[in-house]
Amino acid sequence: MNLILLGPPGSGKGTQSEFIVKKYGYCQLSTGDILRQAVANNTSTGIIVKDILAIGKLVGDELIIKIMEEKLSETQSMPGRIFDGFPRTILQAKSLEDLLHRNQMKLDLIIELSVDENILIDRITKRASESSVIREDDSIQVLKKRLDIYNVETKPIIDYYSSHYQLHKIDGMMTVDAVSKKIEVLIDSN
Ligand code: ADP
């Protein structure tokens, strides 16, 4: 099972990925987590992306695609993969199709979590104030930048997927459990 979770920052992709990992044993491929880990470990990738992450811009497609290519082959034997934070551009979306094809896989489920912008800002500022892990990009200015970039660069892939695949839209403003339940129904009926 290859599942994409689409949605803006704060839409609940991470929370729902956790639910799917627990319930179905799939692995979560979160490009944000992978990049933050690289920064924390000061790897060569980490050094390249550190400043980009801090200002909320997108890391170059080529680097992201290379990372995903590695992850995809590492997770070949898993029962499923959740793509969280990837793809974020049309080029990444097309590359994912290519990568899956080369690994004899296909895209099985595409889910969009939709949440109003004012709620996203509230959620992320709350998350930042409660979390013990400081995310440099959770400041209000960088968050606004991330939302702008989402609207300009990532929203178009929602149109792309709606016209090429079946895109399942879920109201991400429902309770966490209600959203999980909808996801469960989609996975079980796939
Ligand atoms: P968010 O909570 O904003 O959805 P993520 O944790 O998914 O953020 O990603 C954090 C940062 O990592 C992004 O702002 C961006 O700099 C970088 N990043 C993550 N995924 C990608 C991607 N697919 N393409 C380019 N940059 C990415």
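**Figure 1. Residues surrounding the ligand in the predicted model.** The ligand has 18 residues around it, and those that come nearest are Thr31, Lys57, Gly85, Gln92 and Arg146. By class, this shell comprises 7 nonpolar, 4 polar and 7 charged residues. Helix H2, which spans residues 31-40, contributes 4 residues, the largest share of the shell.

**Figure 2. Polar atoms of Val59, Gln92 and Arg146 beside the ligand.** Two of the distances shown involve nitrogen of the ligand. A polar backbone atom of Val59 is 3.0 Å from a ligand nitrogen atom. In the case of Gln92, an N or O atom of the side chain is 2.9 Å from a nitrogen atom of the ligand. Arg146 faces oxygen instead: one of its polar side-chain atoms lies 2.9 Å from an oxygen atom of the ligand. The ligand taken alone exposes 550 Å², of which the protein buries 96%.

**Figure 3. The largest pocket, whose space the ligand takes.** The volume of this pocket is about 1200 Å³. Its lining consists of 48 residues, and Gly10, Arg36, Arg127, Arg135 and Arg146 are the closest to the pocket centre. Arg146 thus appears here as a residue close to the centre and in Figure 1 among those that come nearest to the ligand.

**Figure 4. Secondary-structure elements and residue classes in the lining of the largest pocket.** At least two lining residues come from each of the following elements: helix H1 (13-24), strand S2 (27-30), H2, helix H6 (117-130), helix H7 (140-164) and helix H8 (176-188). The lining divides by class into 18 nonpolar, 17 polar and 13 charged residues. H2, one of these elements, is also the source of the largest share of the ligand shell.

**Figure 5. The second largest pocket and its lining.** This pocket holds about 230 Å³ of space. Its lining is formed by Arg36, Val39, Ala40, Lys50, Leu53, Ala54, Val133, Ile134, Arg135, Glu136 and Asp137. H2 and helix H3 (44-55) each provide at least two of the lining residues. The lining contains 6 nonpolar and 5 charged residues, with no polar ones. Arg36 and Arg135 belong to this lining and are also among the residues closest to the centre of the largest pocket.

Note on methods. Residues are numbered from 1 along each chain as its sequence is written. This is a predicted model: local features need pLDDT of at least 70, side-chain atom pairs count only at pLDDT 80 or more; totals for chains, interfaces and linings use all residues. Side-chain values use heavy atoms; hydrogens and water are left out. A residue is near a molecule or strand if one of its heavy atoms lies within 4 Å of it. A polar contact is a pair of N or O atoms within 3.5 Å; within protein, one must be able to donate a hydrogen and the other to accept it, and residues adjacent in sequence count only if both atoms are side-chain atoms. Accessible areas come from the Shrake-Rupley method with a 1.4 Å probe; for residues, only the protein chains shown count as cover. On a 1 Å grid over the protein atoms alone, a cavity is a set of points where a 1.4 Å probe fits but cannot get out, and a pocket is an open set with protein on both sides within 12 Å along at least five of seven lines; lining residues have an atom within 4 Å of a point. A molecule sits in a cavity or pocket if more than half of its atoms lie within 2 Å of its grid points. Ala, Val, Leu, Ile, Met, Phe, Trp, Tyr, Cys and Pro count as nonpolar, Asp, Glu, Lys and Arg as charged, and the others, Gly among them, as polar. Grid points are joined across faces, edges and corners, and a volume is the space filled by probe spheres set on the points.
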